[in-house]
Amino acid sequence: MTLETRLHLLRRLADGRFHSGEDLARDLGVSRAAVWKQLRGLRATFGVDVSAVRGRGYCLREPLDLLDAEGIHDALGEAASAALASLALLETIDSTNSYLLRERFLSPERVAACVAEQQTGGRGRRGRGWVSPFGRNLYLSVSRRFEQPAAALGGLSLAAGVAVASALESEGARGVRLKWPNDLLWDDRKMGGILVEISGEADGPSHVVVGVGIDVGMPRAAGAPIDQPWVDLAEATGGHPPRRSRLAGVVLDRLIDCLARFQTEGLSPFLPAWRSLDATAGRDVTVQVGGALIEGRAQGVADDGSLLVLTESGARRLVGGEVSLRLSAVQRAEQ
Ligand code: BTN
């Protein structure tokens with residue numbers, strides 16, 4: 001059986017209801033034994049658990065909210081719809097960022113986007129992986145051509161953080177914060193991240209890909225390898241996350257607007273919002289820059305998007321690095 005058939009089987013079961021072996025076999029045009037074999041393979045391929053009950057058939061232990069193109073388009077405003085040249089809805093892909101980098105879509109002022117149910121090689125910042133189980137979270141990328149060279153686009157990753165935080169707020173996650181440059185936090189735990197990748201000539205134009213990962217309903221077991229405190233949108237919305245297609249559409253809408261605005265106005269219109277969402281300003285942080293650890297008190301961002309940190313040896317302005325909050329003794333004891 002091909003991957004396509006296995007996906008078809010998964011889509012039939014996504015509603016979480018029981019489906020008889022006969023119905024599934026008829027629908028897929030295979031024998032009942034073949035259905036049974038593939039059902040057992042769903043766990044290995046997609047990490048989903050199937051229950052079998054004699055006389056009733058098969059069902060997923062938890063229903064899946066699968067993506068649909070209509071739901072995504074419905075959440076787009078007029079300007080974003082007009083600017084969107086293509087939207088690929090992918091079932092399983094190595095990485096949505098890699099997909100758009102390979103496609104090298106370069107229409108000026110129009111955007112190519114893709115969203116996937118699963119990434120097999122999801123990538124995070126600083127060479128990390130991004131845990132991307134099937135049908136649970138959001139993995140979305142957009143690409144656009146910019147006239148500026150990569151060196152002039154440094155602030156774009158902060159602007160994208162503001163755009164995605166605003167989408168999350170509007171979808172019911174109150175109190176989303178940003179950790180420089182663009183980690184999406186809720187309750188000081190990571191709910192999502194953004195990976196900006198740029199290719200092109202040294203003096204422009206540039207091919208920019210912005211990839212957004214948001215944990216929507218991360219299964220505990222799948223999230224176990226994540227090496228920092230994390231939270232999903234289900235928890236941040238008190239158990240009422242939006243449909244994943246709606247979320248994809250709203251994030252896409254905000255990102256398209258952000259890319260157009262950044263092209264003409266740069267980072268400055270985004271700075272007030274970034275500063276009001278800053279999770280670390282005034283707090284003690286450790287920043288890993290290359291092999292070195294810099295300790296100090298975060299002082300917010302400069303107008304060029306760099307991070308300001310006051311250390312014992314004076315003020316530092318950082319353009320790259322990984323920030324972690326240093327917890328007080330009381331906070332450590334509570335954890
Ligand atoms: C981070 O490390 O915080 C950035 C994570 C970015 C993950 C997203 S998921 C969609 C897109 N495709 C990828 O491979 N990475 C980004």
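Which element gives the most to the shell around the ligand? I looked, and β8 does, with four residues.

**Ground rules.** I am working from a predicted model, where local features need pLDDT of at least 70, side-chain atom pairs count only at pLDDT 80 or more, and totals for chains, interfaces and linings use all residues. Residues are numbered from 1 along each chain as its sequence is written, and side-chain values use heavy atoms, with hydrogens and water left out.

**Ligand shell.** I found 20 residues around the ligand (a residue is near a molecule if one of its heavy atoms lies within 4 Å of it), and Ser95, Gln119, Arg123, Arg125 and Lys190 come nearest. I then checked which elements supply at least two shell residues each: α6 (96-103), β5 (138-146), β8 (189-200) and β9 (206-214). Helices here are DSSP runs of H or I with at least four residues, strands are runs of E with at least two, and both are numbered from the N terminus. By type, I get six nonpolar, ten polar and four charged residues in the shell. For that split, Ala, Val, Leu, Ile, Met, Phe, Trp, Tyr, Cys and Pro count as nonpolar, Asp, Glu, Lys and Arg as charged, and the others, Gly among them, as polar.

**Ligand distances.** I looked up three side chains, going by N or O pairs within 3.5 Å as polar contacts. Ser95 has a side-chain N or O atom 2.8 Å from a ligand oxygen. For Gln119, the distance from a side-chain N or O to a ligand nitrogen is 2.9 Å. Lys190 puts a side-chain N or O 2.6 Å from a ligand oxygen. Taken alone, the ligand exposes 410 Å², and the protein buries 98% of that (Shrake-Rupley method, 1.4 Å probe).

**Salt bridges.** I count 29 in the structure, each being a side-chain nitrogen of Lys or Arg within 4 Å of a carboxyl oxygen of Asp or Glu. Side chains of opposite charge can pair when their charged atoms come close.

- Glu22 and Arg32 pair at 4.0 Å, N to O. This links distant parts of the chain, with Glu22 in α2 (residues 21-28) and Arg32 in α3 (residues 32-46), ten residues apart. Glu22 is partly exposed at 41% relative accessibility; the scale is buried under 20%, exposed over 50%, partly exposed in between (1.4 Å probe, protein chains only).
- Asp94 pairs with Arg102 at 2.8 Å, N to O. I get 29% relative accessible area for Asp94, so I noted Asp94 as partly exposed.
- Asp187 meets Arg189 at 2.8 Å, N to O.

I also traced one network, in which salt bridges that share partners join Arg125, Arg126, Arg128, Asp227 and Glu322.

Note on methods:
Polar contact = N/O pair within 3.5 Å; in protein donor to acceptor, adjacent residues only side chain to side chain.
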